[in-house]
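Biologist: Hello! I am new to reading structures, and I would love to go through this one with you step by step.

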Amino acid sequence: MSDIKKIKDDYIDKLNTENNIEKVNNIKSELFGKNGIISNEFKKLGSISVEERKKLASDLNNIKDELQNKISIKIQEIETKEINLKLEKEKIDVTLPERNIEIGKIHPVSQVIDEISSIFSEIGFSVEEGPDVENEYNNFTALNTPDNHPARDMHDTFYLDNNKELLLRTHTSPVQVRTMLKGKPPFKIIAPGRTYRSDSDQTHAPMFHQVEGLHIDKNINMGHLKGCLNYFIKEFFEVDKIKMRFRPSHFPFTEPSAEVDIGYEIKNGKIVIGEGNKWLEILGCGMVHPNVLKNVKVNPSKYQGYAFGIGIDRLGMLKYGINDLRAFFETDYRWLSHFGFDPLDVPSNYRGLSR
Amino acid sequence: MKFTVDWLKNHLDTKFNNNQIMDKLTNIGLEVESFESTTSELDTFIVAKIINAKTHPNADRLKLCDVDIGSDKTIEVVCGAPNAKNGLLTVYAPPGSIIPKNRMKLSVSKIRGVTSYGMLCSESELLLSNESDGIIELNNKYANKIGEKYFKNTSEKVIDLSITPNRPDCLGVRGIARDLSAAGAGKLKINKKSNLKYRGNQNINVTIKKEKAQGCTIFGSCLIKGVTNKESPKWLKDKILSLGQKPISAIVDITNYVMFDLNRPLHAYDADKIDNEIIVRSSSKGESFEALDNKKYILENDMCVISDRSGVLGLGGIIGGTRSGTEYSTKNILLESAYFLPRSIRKTSKQLNIDTDAKFRFERGIDPLSIEEGLIKASEIIKQICGGEISNLDVKKIETYKKTTINFDPFLFEKTTGFNVENKELIKILEKLGFNVSKNKKILKLAIPSWRPDITQPIDIVEEIVRIKGYEHINTSEPVKTRLKPTLNYHQKLFHFLQRSVASKGYLETVTWSFTDSKINQLFKENDEEIPIVNPISSDLNVLRNSIFPNLLFYLKKNLDRGFKDISLFEIGPAFKGKNPGDQLTVIGAVRAGKVSRLSWNDKERIVDTFDVKKDLIQTLCEAGINKDDIFIDDRTPTYYHPGKSGGVYQNKNEKNAVAYFGEIHPNLIKKLDIKTEGLVIFEICLDYIKESKQKIKDLKSEYKFSDFQKSERDFAFIINKNFKSQELVNIIKSVDNKLIQSVRVFDVFEGENIPEGKKSIAVNVTIQSDEKTLNENDLDKINKLIISSVESKSGAKIRS
């Protein structure tokens, strides 16, 4: 017994100081191999008395367990140490830059159009479009603005022919005409798009964007117009309350007509929408003129409704603090990167209009 | 339309203060643009203090003064005044000021080699006294006013209204007063009855010729004999100045005053310069006259002219002529008050490009019943200021004004506005606006005032009532959420999807003009017609763009010039194919310039190439729902592409129109456009050519099938003609067995060493898998052999051993 105890103690000591995995494995076969020390001890069990055998077998088993346990712990220990050593050598500088990121952006005009579409979609409007080149009739005459009407002077028009028959639309209102001519009431549409006027300075660009709105049904009145625009403005500027003022104005294609102002104030040199005692004109609207309805074959004694036109670029400038309209169209990489929106930032009702 | 509150009060009895008046005006649709004092030349003179006066280095009599001009600013002024000394409070005139005494405009100047910014003023220079020996010495009361205006601006504040084109009546102060009175802001004053005494007849014969194009229907006039024309008295000058106009002479100022007071344009002729008679007629082409703006106008046919026996005197309702103009020496005048047709006025003024206050008014419609009122009011004032005897009024007309009436059902008001106004109130509003109201059961019969040419139908009456009542009375109804159809149709969805898909690949979206420079456009227009703009904003934006690339490359160059190297830009928008409405396509144009992995510490940098944009393009199309397996590529592309390094993309092999192109831009173009970059590749997608899949996504998703049997991969390398397209090779292999061959991928292309001239080696990896069983070696061998034999027979390729 003392022999094997001694063997055990010797090997435990050996194992304790051993750090080489191969040598541990050698010890393992020295002890438990075919002719291993412990294996041989077990073989001896057959040649001793039953009494002794019982005791020895039990001791031997304990020793065997203890050694095997020790070996496997040792192996694990060494392996872990080796892995750690290896990992230590593999350490890289993770603060080095990643592979180049190319960040694309959506132009603020597109983002604002999507915001507007999302808001109006919520209250049942669908999106219509019309061509950028229009004929004189759709752009003016059908909209109750005959050739001799002084209101035409308010639109500096780009023409494509000398007879002034073809032009670049000066507003999105001709989409109203097209929509109503090709369909039957009721109508509930918005029409965002490019519009053109031949003036150009700090606050005017020869091309800009408008969104037209049209809601025609049997009983749509000015109260609905007010409600619709009030809803839109609140949603768009993402404020709970908005100071809004409807004041009479004149557009040939609506009667009565209104311009809408929103309240604002200047705080720390920045414009704050919705509060304050200053007014900012943001859109024109009114009840669609019976002459227009007649021109598009809608019976004005049965149907009525409202229309509005909003400057998209202007809305974007107000919401996102952009000062210069001209910059929208100058394709400056820095400007686009700064004012552009992440392509995944899609305005929607459930996820919110803007981040 | 400009006027003062005082002027308004000539017509309106009101207890409203100025702010209330301004609010009311805006609330009834007469938008107040501004309410400010007219600026005065004297505004620039400010109180200042000499901080330090020292002798001029080059002149003993001059001094160099450091002058405190407020707002923490100190400037240096050279001054010759003996009394200029430290601490003196005085008056400073900055550069740009006009010195009242000699009307000289100050500029920054060097006096004996030292720059002087403006000057310090003497009383004489400011016309305050004759004291010219030294600069003004202000007392200590001014010590805390440094930087403030020295002269108080005493001019009355002027209201500037923006009058919409439908309201000619409000181009006169009286019309504005009438609107205000209807809105409860006071009482319209009743015109005093004239007690003017007339003597003799207007003996210059007036004829309005009955012609088809006659633009004048009424011509009223009177003769005023024995006037003394002179400078206007102060009250009248002030009125004219408040309009932002220059006083000319009493006669002219009075006609202008009446025009702005009553919206009744008048014209005064020197009666002695009229040759015998007045003939109102249509002009003949080639006639000419010199107008009061000192320009000579050559007329076309059918313009309404006022003439005498010698020829044209003036353009009726637009501008008078110098030949019959009044002067200080004028003794006898003929005063004209007429009605000209808006259409005629507008046409003539457009043709001749003339804009005058009279034209502006006649074009919008003048009250045809105001002929006499205008003559009387002007005559009264002329008599007061210039004396003279007034003849009987002479009114010639070829048409009589007929009052129009409208039958108005008050229910239309509520139906349109959504709220109700009692009949009594409604009638009161209309009456105050000048309507004559009579009732016929529920219907109101309304006689329209002669000064309201804009009112022609019941809806106009609704507007009158609601605007006077106030838009704040309109309720705010919650939006009706009913949806009639989906928000976006297929192509609109595609637009939004492609837009964001391209941007997500690192491209910045831009929006550029729909027009461009014809010189650049020409390089991209292919067979499209050029679409010139008749009146372009500038010569380099003179055509509609046939393609998005002219603008995109123009701005790419600008950004490269700004020092950016790696640029990805795109635009989605119209490209025009013809000049008619609808001749346009919705297109995405994208450009990518520079390098990939520039300055990367771990990747090798390389120039962007065709396969970079091909990836961006194909991925975008797939994301938008196009089936990648159906996509067909060929190498026919527009001429602005590199002929060898570009491709067209078709939704499938049988489509006629390419939905997209990609590749390098033609080197000649890069040279012509002078674009300096390491690499430049582009792609474009035509949205209109993308066809909607017949199957909805829910149908496609439900077709989910997969195989769990083992798949095998085999590689093949073929030696094949250099021009043979890999796409075709892949298709040959796929068609060997569509069921078993799951995918074919080209993984190596090689030319050169060991490959015969004119040939290339293509290596493909083929994935083979059955839906029914695990393929054994035998099956695989069979298919391998089939692949090799098919490729060899169909393409002339040889398997590489």
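Biologist: Between which helix and which strand of chain B is B:Asp674 found?

Modeller: This is a predicted model, in which local features need pLDDT of at least 70 and side-chain atom pairs count only at pLDDT 80 or more, while totals for chains, interfaces and linings use all residues. Residues are numbered from 1 along each chain as its sequence is written, and chains are lettered from A and ligands numbered from 1 in the order in which they are written. Helices (H or I, at least four residues) and strands (E, at least two) are DSSP runs, numbered from the N terminus. B:Asp674 sits in the loop between helix H16 (667-672) and strand E40 (680-686) of chain B.

Biologist: Is B:Asp674 buried or exposed?

Modeller: A residue is buried if 20 or more other C-beta atoms, placed from the backbone, lie within 10 Å of its own, exposed if 12 or fewer, and partly exposed in between. B:Asp674 has 8 C-beta neighbours inside 10 Å, so this residue counts as exposed.

Biologist: And what is phi of B:Asp674 near?

Modeller: Most residues other than glycine have a negative phi. B:Asp674 is not a glycine, yet its phi is positive, near 55 degrees.

Biologist: Phi of B:Asn263 is also positive; is B:Asn263 buried or exposed?

Modeller: B:Asn263 lies in the loop between helix H5 (250-262) and strand E17 (267-270) of chain B, with phi near 55 degrees. Because 26 other C-beta atoms lie within 10 Å, B:Asn263 is buried.

Biologist: Which residues of H19(B) are buried?

Modeller: Helix H19 (residues 777-795) of chain B has 19 residues and reaches 27 Å from first C-alpha to last; the expected span, 1.5 Å times one less than the number of residues, is also 27 Å. The buried residues cover an arc (of the directions from the helix axis to the C-beta atoms) of only 65 degrees, which puts them on the same side of H19(B). The face turned away from that side carries exposed residues, among them B:Lys785 and B:Ser789. The buried ones are B:Ile783, B:Ile787 and B:Val791.

Biologist: Why can such residues share a side of a helix?

Modeller: It comes down to the geometry of the turn. An α-helix has 3.6 residues a turn, so residues three or four places apart point the same way.

Biologist: In what order do the five strands of the open sheet of chain B come?

Modeller: Two strands pair if DSSP finds at least two bridges between them. E4(B) and E5(B) have seven antiparallel bridges and form a hairpin with two residues between them. E5(B) and E6(B) pair over six bridges, and E4(B) and E7(B) over four. The order is E6-E5-E4-E7-E12.

Biologist: Which strands stand at the edges?

Modeller: An edge strand here has a single partner strand, so one side of it is left without a neighbour in the sheet. The two at the edges are strand E6 (74-79) and strand E12 (119-120) of chain B.

Biologist: What is the radius of gyration of chain A?

Modeller: Chain A has eleven helices and ten strands. The globule rule, 2.2 Å times the number of residues to the power 0.38, gives 20 Å for its 355 residues. Chain A is well over that, so it is more spread out than a compact globule. Its radius of gyration, taken over C-alpha atoms, is 42 Å.

Biologist: What distance separates the centres of domain 1 and domain 2 of chain A?

Modeller: Domain bounds come from an automatic or database domain assignment, which gives domain 1 (2-90) and domain 2 (108-339) in chain A. Taken over C-alpha atoms, their centres are separated by 89 Å.

Biologist: Which element gives the largest share of the side of chain A that touches chain B?

Modeller: Two residues are in contact if their C-beta atoms lie within 7 Å. In this way 71 residues of chain A are in contact with 78 residues of chain B. Elements giving two or more residues include helix H5 (108-122) and strand E7 (254-267) of chain A. The largest share, eight residues, comes from H8(A).

Biologist: Last one: which residue does a cis peptide bond join to A:Pro185?

Modeller: Most peptide bonds are trans. In this one omega is about 5 degrees, and the partner is found in the loop between helix H7 (174-182) and E4 of chain A. The residue joined to A:Pro185 is A:Pro186.
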